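Reader: I am in my first year and would like a close look at a single part of this protein. Could you take me through the charged side chains that pair up?

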Amino acid sequence: AARNLALDAARGRFIAFLDADDLWLPQKLARSMEWMTEHGYAFIYHDYRHISHDGSRVGALIIAPDKLDQRTLYTRRGHGGCLTVVIDRQQIPQVCFPDLKNPDYPEDFYLWATLIKQGHTGHRLPGDLGRYRLSNNSRSANKLESARNAWRLYRSISGLPLGLAAFWWMQYAWNTFWMYRHARPR
């Protein structure tokens, strides 16, 4: 609801999201807008790194897939979510996070799925431009619950057929396990 209020109040062409505990590097906005206008992209995302809860340790670079389509979204989920995304409202004028009844469901995932269903493809801006803070108290900290919620999203909200949901969910679980194992701050 808070993000939707901000979207309603925003008047600029480009929309970017930054949760209170995450960080953008100083050049993120300028590079993002330049990349988008140069290539005519409707929405983009960039590479990023995890940081420890206190900001003292930084993990390995998480390189996102080059394009974000439905299959990539459901199997990789490694594009960094809200922290990395920038949307051009000239091309996507209506941006709204869903009102999901379960507060544990990742509403950002559902928004990206909606944009993709509308025919938009996300594009990767190569470059490390953000930091995602890991916290033991965050919604995403419980990996088992995150995996359950991903399954619920695939079946209940997205309505994927059982076989496709299972196939993509197994890829998601494998990719997420390796991504977090590799990228955690040490």
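Which residues are linked in a network of salt bridges?

Author: In this predicted model, the residues linked in a network of salt bridges are Arg3, Asp19 and Glu107. Within that network, aspartate 19 forms a salt bridge with arginine 3, and their closest N and O atoms are 2.7 Å apart. This pair links distant parts of the chain, since arginine 3 belongs to helix H1 (residues 2-9) while aspartate 19 sits in the loop between strand S1 (14-16) and strand S2 (23-24), 16 residues apart. Aspartate 19 counts as partly exposed because its relative accessibility is 29%, and arginine 3, at 22%, also counts as partly exposed.

It helps to set this pair beside others, for the structure holds 9 salt bridges. One of them joins arginine 13 to aspartate 88, with the closest N and O atoms 2.8 Å apart. Arginine 13 lies in the loop between H1 and S1 and aspartate 88 in strand S6 (residues 86-88), so this salt bridge ties together parts that are 75 residues apart in sequence. Here the two partners are not alike in their surroundings: arginine 13 is partly exposed, with a relative accessible area of 33%, whereas aspartate 88, at 1% relative accessibility, counts as buried. A further salt bridge brings together the side chains of aspartate 128 and arginine 131, at 2.6 Å from N to O, and in this pair both residues are buried.

Note on methods. Residues numbered from 1 in each chain as written. Predicted model: local features only at pLDDT ≥ 70, side-chain atom pairs only at ≥ 80, totals over all residues. Heavy atoms only, no water. Salt bridge = Lys/Arg side-chain N within 4 Å of Asp/Glu carboxyl O. Helix = DSSP H or I, 4+ residues; strand = E, 2+ residues; numbered from the N terminus. Buried < 20%, exposed > 50% of the residue type's maximum accessible area, 1.4 Å probe, protein only.
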